[in-house]
Every structure is written in structure tokens, then in C-alpha cells.
Amino acid sequence: MLKIHCNRKHIILFALILTLMGINAQNRPSDSYYQIENNKTYTDLDKIKHFRTLLEKLIIDKNEKQYGLDLTGFSRWLYQNEHYEEGILQTKKAINFYKSYKPYNSKFHLYNLNLLASFYSGIQDYTSSNKILLKILKNNETKNWQGKIYRNIAENYHAEANYHTATNYFLKASVAYRKEKRYRKLFDNTLWLSKNYQNILDDTSTKKGITSIKELDTLKPYIEYNLYDEYLINERLGNLYNYESLFHPCTSLPYYKKALSIAEELKQNRNISLINNNIGYVYRDIDNDSALFYFTKALSYSHNDNILNAQNLYSLGLAYLDQEKYDLAYNYLNLSLNKLKIDQKISKISDENSIKLINNNLGIQVLKNMAITKIKQFEVKDSKELLKKTFLHLKQADQLIDLIKLKSTHQESKLFWRGLASDIYINLVKVCYLLNDTKLAYHYLEKNKSLLLLEDLTKERSKTFFNIPDNIIRKELSYKQKMASIKNKSLSKNYTDKSRSLELFDINNQYKSFIDSLQYSYPKYYQNKEKATILPFKDVIKKASKTNTSFVHYILNDQSGYGLIISKNKQELFEIQNIPLLQKNIGKYNLLVSKPFSSKTEQKEFLKVSKELYKNLFPKKLLKKERKKIIFIPDDNLLSIPFEGLLQENNRYLIEDYDISYAYSISFLEQNKDLKRAYEKEFLGFAPIDYNNLSTLINSSKEINTIATKFKGDILFRKEASNENLINSLSSYKIIHLSTHANANDSITPWIATSTKNITLNDIYSTKNNAELVTLSACNTSIGKLQKGEGVMSLARGFFNTGANSVVSTLWKADDQSTQKIITNFYTYLKKGKSKPEALRQAKLEYLKNHSLSETSPYYWSSLILIGDPDPMYSSINIWYILIGILLSSLFIFLFYKKK
């Protein structure tokens, strides 16, 4: 029997719901039922057997009313005693009974639905639990206890680490509680909300968590404020102030010590354990012996609570890992994992790579640090067995993250888990490097790159496969546009985050209902769970051989980094040395290339840094001159640099010898090519020229008019270059060229200027394009917030997400005149049949050839980069030459036979 620790909140909930529903003593189980329940000589299995017999007798006696009451009582007892699987079976029977029972009893029907939701939460099937709770919400009889249901939904999302979605439901619960004037519930819900903010682990959410705690002062006059409330407030504030990005860890100590004092006064062993553990973490970086003292004390108070025991054992493992006592550290971490494990015989798991735990979030951290400990042991004792064990732990952690991410419905939650997964993948690549397994390393390098983008592409392709009509696709886009509009409102100072969350909550629910409706009209599409697939390694080698291309893949963080070169005859995995120096040089390089050289000193510094970077990123002579095409798949801070500006040992820029392009991942690059793009026209040129609050770009009209002579299409200038016209035109063109203002960085939502209002990245995500090429002739279109494990959330990525096959974008605020010259020549070479990277390379080389001195600074020419499909768009053979050839051949044959 699957048994997981039962959260007593649900037991309390039953009593509350019974009261709210008006289920009174007349509607209670029979005396026979209570005789079984209260019999102290019976085991649980005895009671289950007798309950079943009682229910069978009631069926035979045709006592329907009492059957329903006793069945409901039996289900409640099963939940309280953690017999979840049997409970789900019996509660479903009760639900079906009350559906058909005459007269219909909505109160007992709803009660059993809520009970079933609680059973699903008990077995960690939060998705099924929330589906039922949302169904209950639609019933008019639940209007007086909506706050509680919203909170239960929020707690389910919180439990599966879907923190951003949980926030929306906690806020919705707060609104309902305030409307219901249930201030005690509102107080408790706000404490939960603060805990949820804390778990999001970013600066903004931490500040919101602190603000929400401080707002509790306004509720104190309306409730019976007690000592335990004081404990919770200090415990929450301690956790929030223990966020190193904003505060010194010691800032949290006064709150923790106050909370500890209260927990000791109340004699709450569990809370004494929790606070001692938290204090231990504060001391971890200050005084390891003190940390060990508090962790050991925490363990002594955790008693029979498996999750708390696991947390304390994990903390001790980390403390010994800090002390480099690896055997001791591993033992404690292993003990922690064992506390979290569900018996494999019960959970029906046979694959050793799979693992089932009672707390996946903690389990992932335990497994990751077990792997790190094994790697440390390997560095002391070279043993392949240690590496195999390391690989197993990391594989299990990866599997758990995949499960959590699959259940995550909110994009920010998915990004959160992608960030955690990135730490797993770089360690997996490290193990592959030590085992000399290049093929497996490729798999994890790919898995670390833009997997969410690949998943979106997979969903898009499935719409074509299952023949989803255009009107359904348009309706889905309309929901996305509404969501984008709400997100854009949050850019206004007058629009609060709470308002945004509540508006998004409503529109997300409408969107979810729309998607759920597809299960009836398009069941195969709705049920399709096709995962994003990684291109097989052998296919990548074939591709490299066929196209004479080298793929250069990187994975990087602040501690380590690896690269993989895949070409026709060489597939080599290498370690990047001296990561701190590399990161420092990336910063210097970016600073130097993003402006013209102002002195010879700056130029010399650039030459030095550029060469050092090249040596760092290509530690051996891995690039062969005969393979003139390189596709880079960069990671982390490498995403911000133009590789074409790196100087080789022969003092030549990389662009002088190679056609260079970039990809989010090899899998996305190849699968994105296969997407069907149905455009109606060849070229769209877009240039507002004049702006309300931005400088005039007079040269943009010249740029577009020059390019437009090479293609058939349309131009939108000045007032015609509006937000609405651009969004409505995106799906119709093969080439989209935007010459305008744009901006992006870590702290703002990327935007593109139009003659009316800006188009944000949110807006782009709600559009559809069919472009083979999008050119963003504007500033900073390839930069944005760096999401660990996923890449840069840039304007360029936005266009890929909505259909583009390739994008030319910029890495910094580019020079107008040089950009115009390079872009114009790029199209000239493109039209002649050159591949996209070759066309851009020739355009840059032509610029370098025609300029000298400071004007040859990489600032002027290396900002423009090509991402995506490198293939030519036009034939290099002139169709007129072919027609003339055919005509002359025909004439020759005619004259030859005529002479005969």
C-alpha cells in the first residue's frame, strides 16, 4: 500500500466543508460503521474488510441513503489513515453513487469530489487533484468557500514547484477570503504566499515576500493573534532575509533566533528542528563547525518525520562536503536519499535510472551533491566505478526534473527548472569527458540548449500533423495576444503586480478551458504527448560531412566548461581551462568590441584579449582550414560575443577564414527547417523613420529602398509602419526586414519601435510568421535576459519561436552607416545564391576591404550575426542563362536536322 505523510490541513478541511455544506448529525454514517471505526482490536486491514462487508450488506438491503453515508465515511477514514489507493477507488464509487442518487444530493457529491482531490494530492498527483478542484469551483454552491479551494489549488502547484502559477492562485485566494471576511484564513494564506515567493529565488519575489509579511500587521486586529503566528512571521522573515543576492546572511539571524525561542517555549520539536537547520545554513560560509553544531541539533529534534530527517541529513552531508570529508559527506547524503525513497516494490519501478521519492525537490539537490561528492572522490582515487555511480545519481536527478517540468504549466516555472537542470547537465558532460564518451556528452549538451524552444516547435508541427483548422489556431493566437496585452500593462508604473496576476489568472483559465475543449473535437491532438527529440549523434556527423561544416558546441558556468567539435572526421570533446579568466576575458572583449577603438592602447588590449579567448575556446588545433563553415552553439556568457571577431594565432579574424553562423541547438536547427512555411509574398520592408520619443532614422528609408530593388514585395514607411500593420503582416512574407529602433537588456522586456506603440517580446510570442529570413536591423536584438539552461530571451528568439527559419540580429547598439552597408551587400550576395553565412561574411569582408584605421574596429562590423538555417535561399544559376542555353541548343538541333 502506497503511504505518504498526510498533511493535516486536509483533515481540518473536511470538518470545515461539512459545516459549510450543512451536513449535520442526521446525515452521518451508521452505528455499525462507528463500531468498526472505533474497534481498537482491529488492524487497518481488518477494518477495511469489515467496512466492505457492511457496504455489501447495505446494497443487499437496498438501503441506498445509508450506503452513500457509510461509503463516504469509509472514504474519509481511508484518507485519515493514508490508504490512498483504496481511498481513490472507494471515493470514485461514492461520487458515481451521488451522481445518480435521487433526490440529487449536491453537498455529498461535492464533498466526495473534494475528498478525491485530497487523495490525489496525497499520492502527489497534483494535476488530477487540481482538475477536480477547478471542477468544484464551477459549482454555484461553492461560492462561500472559494478561498479555501483556491488555496488548495495553490498549495498543489507549490508542492510540485510550479511556484509562479501557485502565486496567482494564492492571490486569488486572498481576494476570496477578503470578500468572505475570513481574516484568519486571509492571514494564513498570506503566510503561504510569502513562502511561495521565497521559493521562486529571485530578487523581485523575495522583496514581494517581505512586503506581504509586513502587510499582516493590518490583519492582526481582526484575528486572535497568537504566539505561533509570531513564530511563523519570524521564521518566514528569516528565510526571506537569508537570500544572499540581496542581504548579508547574518541579517536573518535575529528573526531565526526569535522564532527558535518561540518554538522552544511552545515545545514544537519539528519547528525547533527547522530553525536550527536554517541557522546552520547561515553559518555554513562563516563558521563550518557552528554549522555542523546546528545541523546536528536539528537532526536530534526531527524524530520520525522522514522529510525533515532527510533535510537535516542532507545539510550534514553538505557541511562535510565543505570540509572535504567526502566519505562522511556521501554517507549522510545517502542516508538522506534513503529517507526520501518510496519502496521500489510498491512504486513498481524496475529501471535503476528511475527513482520515486516523497519529495522530488529535495531529492534533486541530494542526488546532485551525491554526484559532486563522487566526482571529488574520483579526483583523489581514479576509479571508473566512481564515475558510473556519479552518472547514475545525475541521471536520476535529470529524470526527476523532467517529471516536474512536464507538470509545470507556467513558462517561468519551466525556466526555473531548466536553470536547475543546467547544473545537472554540465556535471553529466564532465562525467562523459572523464569517461571519454563523446556521443553521450553531445546528448546532454543538446539537452542544455533551448529545450523549451524545441518543445514549442514540436507542438507547432503536431498542429500540421493532426490537421488542426486555421480558425482554431487563430483562436489560440487571440488568447496569447490577450495575455501579451496584460503582460505589457505591467510595464506601466500605474499597474500593480497583483492586478497583473489576477488578470492573467482569468485569461489563463479561459485559455486552459479552450485547450481542454479540444479533447472532444480533436482527441488525438489533445492526447498527443510527443516529446521534443534530440537529433541522433550519427545524423549530426552525416550532416557535418555532407555540408563540410564543423559544429562547435559549448557548455559553461562559473566553475567549469566544456566544448565539443563535430565534423566529418573528428568528434572531440575538450575541457576549457581557467574558467575565471575566461569569464573575465568575455567581459573585457564585450566592452572593447561594443565601441570604436579610441586609442592604440585599446586596440592592443583588444588584440591580446581576443587571442586569449581564441586559445581558451579552441585549446587545440581543432579547426581545419578545409572546413570553411562553422556553426557555433554557445552557452552562458558566450552567447553575448561575436566569434567572428576572435583573432587566430595567424592574426586573422575568424571571419576571414570561415563562414560563421549560430544555432540555439543542433536539434532545433535541423527540425526547424522542416516546418512548413506558407508565405504569399517575397519581401516586407518596415521602417517608421520618425518616432515620438526617439531619434529619427533617416537612413532607414534609403536602406530599405535599396534592398527592395532586389525583391518583389511591400514597404511600410512612416505612419504605415504601425504596430498593428506589422503584426498583421508577419505571416505573409518570405523575408521580413525591420529597420527601426529596438532595445533589450537583463532588466527590461525587449521591444521594437513602430510609428504607433512598441512591439514587445510578449507581443511577438503571440504572433505567427512564415519567414525564411527575418532581419532585425536595429540595436540589441540578440540580447536580453539570460535564462540558465535555455539561453537569451531576445527578440531574435521571439521570431524563431513563432516560425522564422533564420534571423540576422545585433549584439549591441550598432553604427547606422556601417550596418546599412553590410546589410545591403548581404542581400546582394544572398540574391546571387550564396548561403546566408557566406553572404554575411562576404559583406563584412567587403566592408573591411573598403575601410581602414579605427573604422575597421569590430564594433562596426561584428555586431550583426546570423542565427539559424545557413542554407542558400536563391539559386546561384541565373534562370535567364538556362533559358538562353535551352533556346540555343534547340536552334542548333533544328538547323542540324534541317541541313540533312
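Q: What makes the space of about 210 Å³ a cavity, the largest one?
A: In this predicted model, where local features need pLDDT of at least 70, side-chain atom pairs count only at pLDDT 80 or more, and totals for chains, interfaces and linings use all residues, about 210 Å³ of space lies in the largest cavity. The term cavity applies because, on a 1 Å grid over the protein atoms alone, it is a set of points where a 1.4 Å probe fits but cannot get out; the volume is the space filled by probe spheres set on the points, which are joined across faces, edges and corners. Residues are numbered from 1 along each chain as its sequence is written, and side-chain values use heavy atoms, without hydrogens and water.

Q: Which residues line the largest cavity closest to its centre?
A: Lining residues have an atom within 4 Å of a point, and of the 18 that line this cavity, Pro634, Leu639, Ala663, Tyr664 and Ile867 are the closest to its centre.

Q: Why is Leu639 counted as nonpolar in the second largest cavity?
A: Ala, Val, Leu, Ile, Met, Phe, Trp, Tyr, Cys and Pro count as nonpolar, Asp, Glu, Lys and Arg as charged, and the others, Gly among them, as polar, so Leu639, one of the residues lining the second largest cavity, is nonpolar. That lining divides into three nonpolar, five polar and four charged residues.

Q: Why are S10 and S11 called paired strands?
A: Strands are DSSP runs of E, at least two residues, numbered from the N terminus. Strand S10 (residues 748–752) and S11 pair in the antiparallel sense over two bridges, and because pairing needs at least two bridges found by DSSP, the requirement is met.

Terms used:
Helix = DSSP H or I, 4+ residues; strand = E, 2+ residues; numbered from the N terminus. 1 Å grid on protein atoms, 1.4 Å probe; cavity = no way out; pocket = protein on both sides within 12 Å on 5 of 7 lines; lining within 4 Å.
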